[in-house]
Amino acid sequence: QVQLADAGGGLVQPGGSLRLSCSVSGSSLSDYSMAWFRQPPGKEREFVAAVRSKSSGGRIYYADSVKDRFTISRDNAKYTVYLQMDSLKPEDTAVYYCAAGRVILSSLRSHNRYNYWGQGTQVTVSS
C-alpha cells in the first residue's frame, strides 16, 4: 500500500517562498507519476504541477498560473517529491496535496486519475 505524507506548509508574506515535501512509503517512487494539486477555500481541487514516472521519461508539467514561480522535483533515492514555491501570491493560498498514480499523459492534470494522496498541508499567503 502506497502512503504519502506531505508537509512544509505555513504562513508566508506575498513574494516569499516555501518548500513542500511529500514522502512516499510502500512502493518505489520511480514507478509513479507524482503531482501536486491544491484546493483554495470554497473552490475545487486544481492541478499545480506533475512529474512523470521514470519509465515514462520524467518530464515535468505546470499549471499556467504557477509556471516560472514553482518548481517540482523528485528524489527517487529519498522517496521524496518537492514543490519549491517562490514569488508567492495571495491567490496561491490553498491546501496543497501531493498525489501518486500510474497516469497517462492526457490525464496528468485530472485529480481523479490519481490513486494515492497525502493528507494535505495548508499554505497561506498574506501580509
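Why is strand β5 largely enclosed by the rest of the structure? In this predicted model, β5 covers residues 46–51, and five of its six residues are buried, so the strand is largely enclosed by what surrounds it.

**The neighbours of β5**

Let's look at who sits beside this strand. Strand β4 (residues 33–39) is joined to β5 by five bridges, and the two run antiparallel. One of the pairings to look for is Ala35 with its bridge partner Ala50 in β5. Together β4 and β5 make a hairpin with six residues between them. In that turn you will find Gly42, which has a positive phi of about 75 degrees.

β5 also pairs with strand β6 (residues 60–62), again antiparallel, through three bridges. Here Val51 stands opposite Ile60 in β6.

**An open sheet**

Now turn to a sheet of four strands, which is open and has the order β1-β3-β8-β7, with antiparallel pairing. Its edge strands are β1 (3–7) and β7 (70–75), each of which pairs on one side only. From one strand to the next, the twist averages 15 degrees. As a reminder, strands of a sheet pair through backbone hydrogen bonds, either parallel or antiparallel.

The edge strand β7 is connected to β8 (residues 80–85) by six bridges, and these two strands run antiparallel. Within this pair, Ser73 has Tyr82 in β8 as its bridge partner. Thr71 is also in β7, and its relative accessibility of 40% makes it partly exposed. Leaving aside residues up to four places away in sequence, Thr71 touches Tyr62, Tyr82, Leu83 and Gln84.

**Salt bridges**

The structure holds four salt bridges, and three of them are listed here.

| Salt bridge | N to O distance |
|---|---|
| Arg38 and Asp92 | 2.9 Å |
| Asp92 and Arg69 | 2.7 Å |
| Lys67 and Asp64 | 3.3 Å |

Asp92 appears in two of these rows. The salt bridge between Arg38 and Asp92 links distant parts of the chain: Arg38 is in strand β4, while Asp92 is in the loop between β8 and β9 (94–101), 54 residues apart. Both partners are buried, Arg38 with a relative accessible area of 4% and Asp92 with 0%.

Asp92 also meets Arg69 in a salt bridge. Arg69 lies in the loop between β6 and β7, so this pair ties together parts that are 23 residues apart in sequence. Arg69 is buried too, at 11% relative accessibility. Through shared partners, salt bridges join Arg38, Glu46, Arg69 and Asp92 into one network.

What about Lys67 and Asp64, buried or exposed? Lys67 is partly exposed at 42%, and Asp64 is exposed at 66%.

Methods. Residues numbered from 1 in each chain as written. Predicted model: local features only at pLDDT ≥ 70, side-chain atom pairs only at ≥ 80, totals over all residues. Heavy atoms only, no water. Pairing = 2+ DSSP bridges. Axes fitted to C-alpha atoms, helices over the stretch in contact; angles between N-to-C directions. Buried < 20%, exposed > 50% of the residue type's maximum accessible area, 1.4 Å probe, protein only. Contact = heavy atoms within 4.5 Å. Salt bridge = Lys/Arg side-chain N within 4 Å of Asp/Glu carboxyl O.
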